[in-house]
Structures are given as structure tokens and as C-alpha cells.
Amino acid sequence: MAKPIVLIAEELSPATVEALGPDFDVRSIDGTDRGALLSALADASAILIRSATHIDAEAIAAAKQLKVIARAGVGLDNVDIKSATEAGVMVVNAPTSNIISAAELTVGHILSLARHVPSAHASLAAGTWKRSKYTGAELYEKTVGIIGLGRIGALITARLQAFGMNVVAYDPYVTSARAQQLGVTLLSLEELLRSSDFITIHMPKTPETTGMISTDELALMKPTAFIVNVARGGLIDEDALFAALKSHRIAGAGLDVFVSEPPTDSPLLGLDNIVLTPHLGASTDEAQEKAGVSVARSVRLALDGELVPDAVNVAGGVIDSTVRPGIPLMEKLGQVFSGLADSPITSVDVEVRGEITEFDVSVLKLAALKGIFSNVVSESVSYVNAPLLAEQRGVVVRLITDGVSEEYRNLLTIRGSLSDGSQISVSGTLTGTKQTEKLVEINGYDVEVPIAEHLIVLIYTDRPGIVAVYGKEFGDANINIAGMQIARRQAGGQALSVLTVDSPVPEGLLEKVRIAIDADLLREIDIVQ
């Protein structure tokens, strides 16, 4: 019997081939040679790539036997995930391979800024000796502010504490118990910006975090402070940063990532108080080896029919066909759950009720956690690291199953407690022959709304005319309401409305609506498909 063919399309470490083992016919090709790539894909079961090989819809269509695309790294910009999913091809990456490298590069930027290392080197290389010009500052007893206290943030914390630094952090999803465990003081973003001598940002890039450090935020910083971004391009508004550096409103900055890469036309390149590196966060021999070995193991699991922890589009593995449709639904419920949370999550119960419980539904707990953390942390969230992210944050997680579901054939629920003592619950189900994903409960209110890309949840005092008020506000702003349902427990009490809209709603409009109807809660939740 012929061995499955595994293609290695770019240079990977010898350890990658060793990790694949002897059970495959491993072939090396040049992934940048389009003709050779398409020809080799014809009978391949798996392909391992880095960033230079583009696996688009054409390549996937040419690969009739392909089961898995493995990216030896984090980013997946060169893989058409939608086409792969439609073709039933699993896409895997190595989301944790570079976290140590990224943390160490962050520390390197901080040290370079504190001691003017790049500028001093350039001056000396130019034949000048200017010791006094490059007098720096010690890290000892300085305050570093970490925006985003995930896995990378925790690694940076440990390294900078070794320098005798005081570490403060802003992360709305980290509990005080977790921060205390790390020896970190949690602050508001404003407090962090005002008090820190060095600031480093490690947040996921979402519509809410893009440009989160802009003119107003930079104005809060000390004139002697430095800011570093090795996470995602665009978290810091580059125009605002240029203005702050040009006017010496802040002392300096370090960037490894940019809105546009390479940043050939950026005015930042002409400043002398900034340290720039060309996206080197994962560029170490160790990170590359970890990435190769990680995806090689994922390829083995995928081709053996096992659960693949780092699959980004499907769970993979031996999962019953009855359970499989619940995976994306549970992930979306997790996104709704975290979108409603105003304070750190302390516990989560993942409840599965109905006929589906005859099968192994443990993957649904992983899907729930993956959804909850997908827009919360800077790291890529997968089925393997989602439980670890919960553990690191002190979140207690339980899976509860019950064969009885009174209203629906199957009912999936995420119920959790927050650090402020409040509770949140969201439930969903799949209906009809098309298995339509529906949201059927929020915080005890019964609804039945198809899950859409843009959801708006409102809680307000029930009284005549409210729908007309917010309907007019959205209509005047050209926001089309595609669907709506209102639930209440009694006339004149609190009511909950769930709207699906065709486009994102500006933050200013949401606040205007909230004031107009005196809403107790008004939240837009954007579902990442």
C-alpha cells in the first residue's frame, strides 16, 4: 500500500522531517514555482509551508487528495482558509511556537531604547565618539506597563521582574487573582499610560483594538516614556505616533510590526528616536524549529484521523457527524458570551443537553473556550491552548451533559460567573434540515434569532415607543436591521432586544441610542466566522 505523500514546500528544520516519521512519502518542492507546486499537489495528502508559498483556491482545487495544509508559523495570510474549509481540507498552524522569541524581542527593544544601542552603534560606525549624547536609563525600579497580559505578556513579566522592574498591566479579561499570581498590579488603561516608564502592547488586532493607542493615549504618557509594539501592526496609530515622536511628546518607540509591510514610505523611518525591526518576532532558529515540529505532529494526527489541536478551520479527529455541526455554533456562542462580559470571567459551565449527549461532546467544551478567548487574547486561540488560557486566568471550567432537552432537540449553553458577581448565560441550537444556527436564550430571556455577523443586544425598561426610538436612530444612520426579537418577563419590567444588522454600528451611534432609551446594556457583538 502506497504511503501518503507529504510535500515540504519551503526550507524547514531537519527535526520537522524527523517528527513526520517513516510513515509518509516526504517530497521537497519549491513552493514559489507555481507550475511545480500545482503539479505536485495533484496526489499530495498534506503540504507543509512557511510564508512564501501561496495555497489559494486554485492550488486547493488542484489537490484532490489533500487533507491538511500546515503552516510552520502563526500567520495564515498565504492560505485561503475559506476555500480549504469548503473543500474539507484542514488548515493547521503553530500558534505557540514563537511566544518566547516574541517576548525576548520585546525585551530587546526595551533595552535598545533605554540605552540608545542602535543610535550609538550607528554613530560609532560613522567615526564619531559621543558618549554623553547616548546617556541612557536603567530598567531597575522603573515601571513597565503591559497592555494584554496573555502568555507573551506573562513571559515578559517574568523577564523584566528579573531586572527589578515594577510591572503593571491592563487587561480587562484577567482576574486579580491571576495578576497577583504573576506579581502584577492591574490598572485601567489611563492609569497605566500615566504611570509607566516603558509600555509594551500585546493585544489581538480587532476593530476595537486597532488604533487603541492614538493621540489622546500618547498624550497621557510621560515625556520620558517609551512604547513598544511587536504584536500586531496598527494597534498603535502610526500617524499619531510619528507626531508624538517628532515633537518629543514621548521619548521614543520600538516597532517590529507595521500597518503596511514593508513600511517603505513611512515617515517613522526618518526619526532618530525610534527602533525599527522588520517583523522579527518569530525569526529565531528555535521558533522555526518549534513551528516545524509542531505542524509535523499535526499532520500526523490529521492523516491518522485524530483530533488536531491546532486546526484553525475544523476540529478534525474522530468526532461523530452528529456532534460536528455544534462546533462552530458553540464557538459563536463563546464570542457572544465574552462580548457580553464587562469584567473578568471566573467560571464557565458548558452545558450540552439532548440527543447529542449520546456521543462524545468534549470537543464542544474546547469550542466554547476557543470562542470565548478568540477576541480576548493576543495569541492565536486553538483547541489545545484554549483550556490553558482559561487555567492561566484562573477560570474554572466544567462540562455538563443531560440527555433531556425540553424545548429543543439539542441545546448548547454557556453559563458563567464574572469577578463582579454577575452571571451570563447564552444558549443556541441548530434547527431544520439546513441546521441553521440560532441564538435562543440570553441571561434567561427566551429568544430565537439566527446568528449573524453583527448582533446588537439591548436591555432596557419595557415601555411604549422604545422600538420606534432605536429603529429611527439606526435608520437615520443607514444601519439596516435584518432581524429583531424582543423578550420580557413581565410588562413594564426589563426587556431584552436582539437585533441583527447588515453592517457594523459606529460606537458614537451606540452611545446615542443607549442615552435615548436609557438602556441598562447596549452591546454590539461582531461574530468572526
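His-279 sits in the loop that runs between β12 and α12 (285–303). In this predicted model, the phi angle of His-279 is near 55 degrees, a positive value in a residue other than glycine. Most residues other than glycine have a negative phi, and most peptide bonds are trans. Is His-279 buried, partly exposed or exposed? With a relative accessibility of 41%, His-279 counts as partly exposed.

A second histidine is worth a look. His-116 also has a positive phi, near 55 degrees, and is placed in the loop between α5 (99–115) and α6 (117–125). Its relative accessible area is 27%, so His-116 is partly exposed, given that this class covers values between the 20% and 50% cut-offs.

The backbone has another feature to note at Pro-262. Glu-261 and Pro-262 are joined by a cis peptide bond, with omega at about -5 degrees. You will find Pro-262 in the loop between β11 (252–255) and β12 (274–276).

**Salt bridges**

Now to the charged side chains. Side chains of opposite charge can pair when their charged atoms come close. How many salt bridges does the structure hold? There are 19 of them, and the table lists some pairs.

| Pair | N to O distance |
|---|---|
| Glu-355 and Arg-409 | 2.8 Å |
| Arg-488 and Asp-462 | 2.5 Å |
| Glu-473 and Lys-512 | 3.5 Å |

Take the pair of Glu-355 and Arg-409, which form a salt bridge. The two residues link distant parts of the chain, 54 residues apart: Glu-355 is in the loop between β13 (345–354) and α14 (362–373), while Arg-409 is in the loop between β14 (396–402) and β15 (410–418). Glu-355 is partly exposed at 41% relative accessibility, whereas Arg-409 is exposed, with a relative accessible area of 64%.

Next come Arg-488 and Asp-462, whose closest N and O atoms are 2.5 Å apart. Arg-488 belongs to strand β20 (residues 481–488) and Asp-462 to the loop between β19 (454–461) and α16 (466–476), so this salt bridge ties together parts that are 26 residues apart in sequence. Asp-462 has a relative accessible area of 17% and is therefore buried, since buried means under 20%.

The side chains of Glu-473 and Lys-512 also meet in a salt bridge. Here the link runs between two helices, with Glu-473 in α16 and Lys-512 in α17 (residues 507–517), 39 residues apart. Where do these two partners stand in terms of exposure? Glu-473 counts as buried at 17% relative accessibility, while Lys-512 is partly exposed at 48%. Salt bridges can also share partners: Glu-351, Arg-353, Asp-402 and Arg-415 are joined into one network in this way.

**A negative patch**

Some acidic residues come together on the surface. Which residues make up the patch of negative charge? Glu-18, Glu-104, Asp-285, Glu-286 and Glu-289 gather there. Helix α12 gives the largest share of the patch, three residues. Asp-285 lies in this helix, α12, and is exposed, with a relative accessible area of 67%. That brings us back to where we began, because the loop that holds His-279 lies between β12 and this helix, α12.

Notes:
Residues are numbered from 1 along each chain as its sequence is written. This is a predicted model: local features need pLDDT of at least 70, side-chain atom pairs count only at pLDDT 80 or more; totals for chains, interfaces and linings use all residues. Side-chain values use heavy atoms; hydrogens and water are left out. Helices (H or I, at least four residues) and strands (E, at least two) are DSSP runs, numbered from the N terminus. Buried means under 20% relative accessible area, exposed over 50%, partly exposed in between (1.4 Å probe, protein chains only). A salt bridge is a side-chain nitrogen of Lys or Arg within 4 Å of a carboxyl oxygen of Asp or Glu. Patches are made of residues with over 30% relative accessible area and no salt bridge: like charges are joined within 9 Å, nonpolar side chains (Val, Leu, Ile, Met, Phe, Trp, Tyr) within 5 Å. Accessible areas come from the Shrake-Rupley method with a 1.4 Å probe; for residues, only the protein chains shown count as cover. Lys and Arg count as positive and Asp and Glu as negative; His and the chain ends are not counted. The place of a charge is taken as NZ of Lys, CZ of Arg, CG of Asp or CD of Glu.
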